[in-house]
Structure formats: C-alpha cells, structure tokens
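Student: I have a model open and would like to understand the labels people put on it. Could we go through them one at a time?

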Amino acid sequence: SKGYAYEVNGSVYFSVEKFSDYGKLSGRRLEEQEKGARVEVISEKLNPFDFALWKKAESGHILQWLSPWGMGYPGWHIECSAMSMKYLGETLDIHGGGVDNIFPHHENEIAQSEAATGKQFVRYWIHNGSLMVEGKKMSKSLGNFVTIKQALEQYNPEQLRFFILSAHYRSPLNYTEKAVVDATQGLQGLHNVLRE
C-alpha cells in the first residue's frame with residue numbers, strides 16, 4: 001500500500017529504487033552494481049536488484065502457504081525481519097551477523113523493515129569476520145566445517161575461547177590445528193604469569 005512492493009505472476013518483489021536509503025549500511029550504490037554478478041537476473045523483476053518478499057511456489061515445492069497472490073512462501077530477508085520484530089519490536093538495539101550478510105541480506109532487512117514501519121530498524125550493527133578452516137571459509141557446502149562438539153573433543157572450552165579471542169571480531173579467524181595449539185600455548189603462558 002505504500003508503493004514499495006509489486007506483484008508479478010504470484011511473487012511479490014521489493015522495489016529497491018523506491019527506498020531512498022538503500023545501501024546506507026554497506027555504502028553500496030545501485031548504479032555501481034553489476035547486474036547478475038551475485039545472483040541470476042530474474043526477468044520478471046522491474047529492476048534486477050529488487051528482492052522477493054513473497055515467492056510463488058512451483059508445483060511440488062516443499063514450502064507452500066496460501067496467500068492473496070496464490071501458493072507460495074516468504075523470501076529469506078522478510079523471514080528475518082518478521083521474526084526479529086515479532087520478538088524484539090520494530091527497532092532493535094543490536095543486530096549481528098557475519099560480514100558476508102551486510103550486502104544484500106542486512107541491507108534488504110533494513111529496506112523492507114523501515115519501509116513498513118517508518119522507524120529505524122537497527123541502532124547498532126555488529127558484523128563478525130568469517131570463520132575459516134585451513135584458509136577457506138567454513139561452510140557446509142564445502143564440507144570443511146567443524147562443529148563445536150567436535151572441537152570440544154580435542155580442546156577444552158577455555159582453549160577455544162582464547163583462540164577465538166586471539167583475532168579481532170571483524171577479522172577472519174582461521175581454524176587450524178597449529179592456530180589452536182599456538183593459542184593454547186599463549187593461554188598456558190598467561191596462566192603461568194598469573195600463578196607467579
């Protein structure tokens with residue numbers, strides 16, 4: 001009703017051009033973005049950078065709910081805004097996440113939330129650096145992830161905490177055997193100084 005969204009073939013998209021502050025978190029400007037560089041361009045969108053608030057569900061899709069636009073499911077960004085505002089209100093004091101979420105995810109959360117409420121969505125953003133494993137970003141898709149349970153089978157919680165605190169929270173942290181052993185030695189040195 002405020003003109004920020006439009007419907008096409010059962011999907012509803014947010015028009016990023018209508019939100020004048022789009023890019024305020026990341027510092028990115030729409031005119032400097034390369035179309036199709038991050039995700040495949042969907043031809044039914046008015047602008048390639050518009051994002052889905054509601055997606056039409058194809059036949060047999062696992063997620064399907066009835067809506068005014070037909071069967072579908074919420075877009076990824078709207079899920080996060082809806083859950084946050086349900087439990088924490090229309091303005092959050094602190095919102096965190098990985099640096100890889102700044103654009104487009106957090107940028108889209110800001111746009112849709114502030115367009116809907118007319119209020120500031122988040123007062124302070126805190127983004128942590130990526131956790132790396134042997135120099136590559138930890139991810140399920142790469143199969144190079146270590147669960148907390150697995151890490152605790154090798155190291156005690158204090159050693160892992162000291163390792164994590166060895167890097168600035170916004171910097172990438174490379175989880176390697178050597179890095180955790182080095183952190184453990186540093187922790188032992190700290191304990192020795194305290195004992196003496």
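Tutor: Gladly. Let's start with what counts as a helix or a strand: helices are DSSP runs of at least four residues and strands are runs of at least two, numbered from the N terminus. With that in hand, Tyr169 is placed in the loop between helix H4 (157-164) and strand S10 (173-175). Keep in mind that this is a predicted model.

Student: How many helices and strands does the protein chain have?

Tutor: The protein chain has five helices and ten strands.

Student: Why is Tyr169 called partly exposed?

Tutor: Buried means under 20% relative accessible area and exposed means over 50%, with partly exposed in between. Tyr169 has 44% relative accessibility, so it counts as partly exposed. Tyr169 also belongs to a nonpolar surface patch of about 440 Å², together with Ile94, Tyr124 and Ile126.

Student: How do you know whether the protein chain matches a compact globule in its radius of gyration?

Tutor: Set the two values side by side: a compact globule of 196 residues would have a radius of gyration near 16 Å, but the protein chain has 21 Å. The C-alpha trace spans about 70 × 40 × 35 Å along its principal axes. As for burial, 35% of the 196 residues count as buried.

Student: Let's turn to the sheets. What makes strand S1 (5-8) and strand S4 (65-67) edge strands?

Tutor: Two strands pair if DSSP finds at least two bridges between them. The open sheet of five strands has the order S1-S2-S3-S5-S4, with antiparallel pairing. Strands S1 and S4 each have a single partner strand, so one side of each is left without a neighbour in the sheet. From one strand to the next, the twist averages 35 degrees.

Student: How do you know that S1 and S2 pair?

Tutor: The cut-off is at least two bridges, and S1 and S2 have four, in the antiparallel sense. One bridge sets Ala5 against Phe14 in S2. The two strands form a hairpin with two residues between them, and Asn9 in the turn has a positive phi of about 50 degrees.

Student: Which way do the residues of S2 point, and are they buried or exposed?

Tutor: In strand S2 (residues 11-14), Ser11 and Tyr13 point one way while Val12 and Phe14 point the other way, and all are buried. On the S3 side, S2 and S3 pair in the antiparallel sense over three bridges, with Val12 opposite Trp54 in S3. Further along, three bridges join S3 (residues 51-56) to S5 (residues 70-74), again antiparallel. There Lys56 stands opposite Gly72 in S5.

Student: What makes the pairing in the three-stranded sheet mixed, and which strands stand at its edges?

Tutor: This open sheet has the order S9-S8-S10, with mixed pairing. Strand S8 (residues 131-133) and S10 run parallel, joined by three bridges, and Met132 stands opposite Asn174 in S10. Strand S9 (136-137) and S10 stand at the edges, each with a single partner strand, so one side of each lacks a neighbour in the sheet.

Student: Why is the contact of Lys119 with Glu90 called a salt bridge?

Tutor: The cut-off is a side-chain nitrogen of Lys or Arg within 4 Å of a carboxyl oxygen of Asp or Glu. For Lys119 and Glu90 the closest N and O atoms are 2.6 Å apart, and the pair forms a salt bridge. Lys119 lies in the loop between helix H2 (102-117) and strand S7 (122-128), while Glu90 lies in the loop between helix H1 (76-88) and strand S6 (92-98), 29 residues apart. Lys119 is partly exposed at 44%, and Glu90 is partly exposed at 35%.

Student: What makes the salt bridge of Asp93 with Arg123 a tie between separate parts of the sequence?

Tutor: The closest N and O atoms of Asp93 and Arg123 are 2.6 Å apart. Asp93 lies in strand S6 and Arg123 in strand S7, so the pair ties together parts that are 30 residues apart in sequence.

Student: How many salt bridges does a search of the whole structure find?

Tutor: The search finds six. Among them is Asp100 with Lys137, whose closest N and O atoms are 2.5 Å apart. Asp100 lies in the loop between S6 and H2 and Lys137 in strand S9, so this pair ties together parts that are 37 residues apart in sequence. In addition, salt bridges that share partners join Asp21, Lys24 and Glu114 into one network.

Methods
Residues numbered from 1 in each chain as written. Predicted model: local features only at pLDDT ≥ 70, side-chain atom pairs only at ≥ 80, totals over all residues. Heavy atoms only, no water. Patch = residues over 30% accessible without salt bridge, like charges linked within 9 Å, V, L, I, M, F, W, Y side chains within 5 Å. Areas by Shrake-Rupley, 256 points an atom, 1.4 Å probe, with all protein chains shown as cover. Buried < 20%, exposed > 50% of the residue type's maximum accessible area, 1.4 Å probe, protein only. Axes fitted to C-alpha atoms, helices over the stretch in contact; angles between N-to-C directions. Rg over C-alpha atoms; globule rule 2.2 N^0.38 Å.
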